[in-house]
Amino acid sequence: MRILIVEDERTLLDQILQALVRQKYTVDTASNGEEALEKICVESYDIILLDIMLPEKDGLEVLAELRGEKNPTPVLMLTARGTIEDKIKGLDAGADDYLVKPFSMGELLARIRALLRRGSELVSPVLEAGSITLDPARREVRKDGNPVELTAKEFSILEFLLYNLNRAISRVNIAEHVWGDEFDPWTMSNSIDVHIKNLRKKVEDSDGNIIHTVRGVGYIIKDDDK
């Protein structure tokens with residue numbers, strides 16, 4: 001699952017970022033409305049956390065543009081404005097939920113999980129290949145029904161490969177998706193290979209039949225039944 005945080009208060013942005021990364025979400029950030037719209041144009045997000053008071057364009061303007069373009073991504077508004085009128089304005093503009101500052105990280109994570117569950121009613125979130133299942137909403141991976149503990153980056157790599165089942169994905173695409181703003185094409189390739197090696201140890205059987213290397217390209221998860 002990929003989340004975009006749009007927040008210009010640096011301390012709060014960092015706190016939210018750290019909390020989401022600990023929950024194994026892939027996270028991008030933006031500090032103003034224009035930057036947020038640019039990122040939304042080139043990347044698909046599962047949830048957007050959107051502050052109202054932003055430079056360049058405020059959160060309501062960003063939201064209006066998204067909904068005007070028929071972008072259905074769930075949006076959770078984050079704001080210091082707590083009046084009923086402000087909540088109604090945000091919800092009428094197309095927000096899916098509304099959280100007033102200051103808030104606890106526990107409540108924020110609960111709201112995110114609720115939005116993910118709401119979306120899962122429309123499409124099954126469980127991804128499968130062989131003996132592996134991954135539930136993006138619950139952030140769970142199982143092998144033969146038994147839970148597998150993955151790091152945040154390992155989870156994101158496995159999730160991305162499963163979303164692209166039976167398609168070869170380049171190292172660059174994996175890096176851009178998983179590392180986001182931290183992507184460095186000069187150093188990332190070796191890091192990806194290390195994460196893949198560790199991931200294979202956790203999810204593959206003795207014959208190594210889950211994640212395959214595509215020479216000169218990257219990696220693929222194959223499932224002949226799909």
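The following exercises, with worked solutions, concern selected local features of a predicted model.

**Exercise 1. Helix 6**

Determine how the span of helix 6 compares with the expected value, and whether its residues are mostly buried or exposed.

*Solution.*
1. Helix 6 covers residues 152-163, twelve residues in total.
2. From its first C-alpha to its last, the helix reaches 16 Å, close to the 16 Å expected at 1.5 Å a residue.
3. A residue counts as buried when its relative accessible area is under 20%. By that criterion, the buried residues of helix 6 are Ala 152, Glu 154, Phe 155, Ser 156, Ile 157, Leu 158, Glu 159, Phe 160, Leu 161 and Leu 162.
4. Ten of the twelve residues are therefore buried, and helix 6 is largely enclosed by the rest of the structure.

**Exercise 2. A patch of negative charge**

Identify the residues that form a patch of negative charge on the surface, and establish the place and exposure of Glu 56 and of Glu 61.

*Solution.*
1. The patch brings together Glu 34, Glu 38, Glu 56 and Glu 61.
2. Glu 61 belongs to helix 3, which spans residues 59-68. Its relative accessible area is 40%, so Glu 61 is classed as partly exposed.
3. Glu 56 is located in the loop between strand 3 (47-51) and helix 3. With a relative accessible area of 60%, Glu 56 is exposed.

**Exercise 3. Backbone geometry in loops**

Find what is notable in the backbone at Glu 56, at Asn 166 and between Lys 101 and Pro 102.

*Solution.*
1. Begin with the usual case: most residues other than glycine have a negative phi, and most peptide bonds are trans.
2. Glu 56, already met in the patch of negative charge, has a positive phi, near 70 degrees.
3. Asn 166 also has a positive phi, near 70 degrees. This residue is in the loop between helix 6 and strand 10 (169-170), and its relative accessibility of 32% makes Asn 166 partly exposed.
4. The peptide bond joining Lys 101 and Pro 102 is cis, with omega about -5 degrees. Pro 102 is situated in the loop between strand 5 (97-100) and helix 5 (105-120).

**Exercise 4. Asp 144 and Ile 132**

State where Asp 144 is found, whether Asp 144 is buried or exposed, and how far Asp 144 is from Ile 132 in sequence and in space.

*Solution.*
1. Asp 144 occupies the loop between strand 8 (140-143) and strand 9 (146-147).
2. Its relative accessible area is 55%; Asp 144 is therefore exposed, the cut-off being over 50%.
3. Asp 144 and Ile 132 are twelve residues apart in sequence, and their C-alpha atoms are 6.6 Å apart in space.

Methods
Residues are numbered from 1 along each chain as its sequence is written. This is a predicted model: local features need pLDDT of at least 70, side-chain atom pairs count only at pLDDT 80 or more; totals for chains, interfaces and linings use all residues. Side-chain values use heavy atoms; hydrogens and water are left out. Patches are made of residues with over 30% relative accessible area and no salt bridge: like charges are joined within 9 Å, nonpolar side chains (Val, Leu, Ile, Met, Phe, Trp, Tyr) within 5 Å. Accessible areas come from the Shrake-Rupley method with a 1.4 Å probe; for residues, only the protein chains shown count as cover. A salt bridge is a side-chain nitrogen of Lys or Arg within 4 Å of a carboxyl oxygen of Asp or Glu. Lys and Arg count as positive and Asp and Glu as negative; His and the chain ends are not counted. The place of a charge is taken as NZ of Lys, CZ of Arg, CG of Asp or CD of Glu. Helices (H or I, at least four residues) and strands (E, at least two) are DSSP runs, numbered from the N terminus. Buried means under 20% relative accessible area, exposed over 50%, partly exposed in between (1.4 Å probe, protein chains only). The expected span of a helix is 1.5 Å times one less than its number of residues.
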